[in-house]
Structures are given as structure tokens and as C-alpha cells.
Amino acid sequence: MRKGFGICCIILGVCCLISSLGLIVYNRWEENNAQNASKNILQDIQEEYRYLPREAFDYLSKQLGVSLAKLYSVATFYENFSLEPKGKYVIKICDGTACHVRKSIPILNALRNKLGLSDSKKTTDDQLFTVETVSCLGACGLAPVMTVNDKVYPAMTPESATALLDELK
């Protein structure tokens, strides 16, 4: 690889990010004013990148005239926003009372073991899987439950959960 090529890729990546962000801002700006548009724009950015890149905050602050603190307060207030990259498949394991009693933790442990994840490392290095726990998915009658990209999988076991990973790969 030629010297400096990596830097060009990084610069091009940032330029592509900025270009993409500009289009998102423009489309949402037409619908809302700056204050109301920030949440919608953050949602659009997260949909595009599966998280909110740091560069997006700097860009939005300048383009919308909204402080970084205000943007971060919106991004950290809503649980669905993520400041860390997420995998293509976001797996949520319910640990509400019904799921916990019906053994959701062994399912979580089986997924983490198979993917090499832990409580502090939630996303695989290849950005394919993110495993998270949630307080309740609202499907107590189907416990233990997990979702993959918001699709509900009922009555899971450690074996059925790891088999599902193999299907998704």
C-alpha cells in the first residue's frame, strides 16, 4: 500500500459522511425548523449508520445553529439512540421478570460466548452482531423472548438462540 493512501481513505470517508449528512439535514430541514428537526435528523443519521458518529454532532451543530450540548442531550435522553457503532443484527434479550424467571440469562450467556462478547463488549469486531439486554420487551406470555432487529422470537433457549445466529450469518 502506498504511503498516505490510508489517510486519503479516511479523508474520503469523512467527506462521504459529511455529504450524506448534508442530504439528511436538507431533507429534514424542509419539514421542520432547526429545534424540531434535530431529533428527526438524528433518527435519520442513526438509521443510515446504525449509530450517531461523533462527526455528525459537529456538523449538525454548525448547520442547524444548535449547541453540541443540546444535540448530545437529545441523543442521550432517548434510549434508542446509540453513540457506539452497532452490528447489522441488533439482538435484544429481555430480562424482565417473566423472562428472567424462565431463564433468559443462560440465553444471553450462550450468545455472548458464541460471539466472544461480554457485558462491556456488546458488538462483534466484524460489526455483524450487537447483543443487548432490555428491561422488558412486552411479550411476557412468550417468555423468554429476544428480538433481532425488532422481530420477536418467543420461547427461546440457549440452543435455539445460537442456532438463530448460525441462520443469520
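Three short exercises on this structure follow, each with a worked solution.

The model is predicted: local features need pLDDT of at least 70, side-chain atom pairs count only at pLDDT 80 or more, and totals for chains, interfaces and linings use all residues. Residues are numbered from 1 along each chain as its sequence is written, and side-chain values use heavy atoms, with hydrogens and water left out.

**Exercise 1.** List the secondary structure elements from the N terminus on.

*Solution.* Start with the terms. Helices (H or I, at least four residues) and strands (E, at least two) are DSSP runs, numbered from the N terminus. The protein has 7 helices and 4 strands. Their order is α-α-α-α-β-α-α-β-β-β-α.

**Exercise 2.** Work out which strands stand at the edges of the sheet.

*Solution.* Two strands pair if DSSP finds at least two bridges between them. Here 4 strands form an open sheet with mixed pairing, in the order β2-β1-β3-β4. β2 (129–134) and β4 (151–153) each have a single partner strand, so one side of each is left without a neighbour in the sheet. These two are the edges. Now check one pair. β1 (residues 89–94) runs parallel to β2, joined by 6 bridges. Ile 91 stands opposite Val 131 in β2.

**Exercise 3.** Decide whether Thr 147 is buried or exposed, and find what it touches.

*Solution.* First, place Thr 147: strand β3 (residues 146–148) holds it. Next, apply the cut-offs. Buried means under 20% relative accessible area, exposed over 50%, partly exposed in between (1.4 Å probe, protein chains only). Thr 147 has 5%, so it is buried. Last, look for contacts (heavy atoms within 4.5 Å). Leaving out residues up to four places away in sequence, Thr 147 touches Val 90, Ile 91, Lys 92, Leu 137 and Val 152.
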